[in-house]
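Trainee: Could you take me through one part of this model closely, beginning with a single charged pair and then moving on to how the helices pack against one another?

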Amino acid sequence: MARFLVIGGFLAAVFWVFSIVDCIVQPASRHRGVPKGVWIAIVAVFPVIGGLLWFTIGRTRRGRTADQERYLPLDDVDPAARPADRISAAEQERLIRELQEELSRFDDRGDTDTPGPRP
């Protein structure tokens with residue numbers, strides 16, 4: 001049992017040092033959430049938990065900066081994805097008129113098509 005504790009402690013120490021070094025050598029643009037100095041302090045003060053936090057939420061992916069990690073809606077990325085860009089104003093007016101005519105036909109028929117309890 002003592003052997004496992006020694007091996008686990010050694011692995012935790014190696015992970016802790018690796019986390020601190022990785023946090024220090026990364027450029028400040030790849031630190032997410034808080035500044036670089038705060039991440040170094042988190043990793044140094046909380047050895048294993050700080051390292052896990054650093055690798056899961058504190059560090060951006062390779063080749064990206066923290067600003068590029070933000071979510072962009074599809075219509076901001078691809079203007080063709082906007083519904084208003086795919087249909088002209090005249091086509092919109094025509095469709096609205098057709099829908100209004102269809103609704104007025106339903107209104108003229110009355111409420112016989114509405115579901116409800118049967119007598």
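Mentor: In this predicted model, Glu91 forms a salt bridge with Arg94, and the closest N and O atoms of the pair are 2.4 Å apart. Both Glu91 and Arg94 belong to helix 6, which covers residues 89-109, and they sit three residues apart, about one turn of the helix. A search of the whole structure finds two salt bridges, and the one between Glu91 and Arg94 is among them.

Before turning to the packing, a word on confidence is in order. The mean pLDDT of the chain is 78, with 70% of its residues reaching 70 or more. Within the chain, confidence is highest in helix 1, at a mean of 91, and lowest in helix 4 (residues 74-77), at a mean of 53.

Helix 1, made of residues 2-25, packs with helix 3, residues 47-58, at an angle of about 45°, their axes being 9 Å apart. That angle makes helix 1 oblique to helix 3, and the crossing of the two is left-handed. On the side of helix 1, the residues that take part are Ala12, Phe15, Trp16, Phe18, Ser19, Asp22 and Cys23, and they meet Pro47, Val48, Gly51, Leu52, Trp54 and Phe55 in helix 3. Sorted by character, the residues of this contact between helix 1 and helix 3 comprise 10 nonpolar, two polar and one charged.

Helix 1 also packs with helix 2, here at an angle of about 175° and with the axes 9 Å apart. Since angles over 145 degrees count as roughly antiparallel, helix 1 and helix 2 are therefore roughly antiparallel to each other. In this contact, Trp16, Ser19, Ile20, Cys23 and Ile24 of helix 1 meet Lys36, Trp39, Ile40, Val43 and Ala44 of helix 2, and the residues involved divide into eight nonpolar, one polar and one charged. Trp16, Ser19 and Cys23 of helix 1 thus appear both in the contact with helix 3 and in the contact with helix 2.

The remaining pair to consider is helix 2, residues 36-45, with helix 3, which pack at an angle of about 140° with their axes 5 Å apart. That angle makes helix 2 oblique to helix 3. Trp39, Ile42, Val43, Ala44 and Val45 in helix 2 are in contact with Pro47, Gly50, Gly51, Leu53, Trp54, Ile57 and Gly58 in helix 3, a set that divides into nine nonpolar, three polar and no charged residues. Pro47, Gly51 and Trp54 of helix 3 take part here and also in the contact with helix 1.

Terms used. Residues are numbered from 1 along each chain as its sequence is written. This is a predicted model: local features need pLDDT of at least 70, side-chain atom pairs count only at pLDDT 80 or more; totals for chains, interfaces and linings use all residues. Side-chain values use heavy atoms; hydrogens and water are left out. Axes are lines fitted to C-alpha atoms, for helices over the stretch in contact, and angles run from 0 to 180 degrees between N-to-C directions. Helices (H or I, at least four residues) and strands (E, at least two) are DSSP runs, numbered from the N terminus. Angles under 35 degrees count as roughly parallel, over 145 as roughly antiparallel, 65 to 115 as roughly perpendicular and the rest as oblique. A crossing is left-handed if the near helix is turned anticlockwise from the far one by less than a right angle, and right-handed if clockwise. Contact means heavy atoms within 4.5 Å. Ala, Val, Leu, Ile, Met, Phe, Trp, Tyr, Cys and Pro count as nonpolar, Asp, Glu, Lys and Arg as charged, and the others, Gly among them, as polar. pLDDT is the predictor's confidence in each residue, from 0 to 100. A salt bridge is a side-chain nitrogen of Lys or Arg within 4 Å of a carboxyl oxygen of Asp or Glu.
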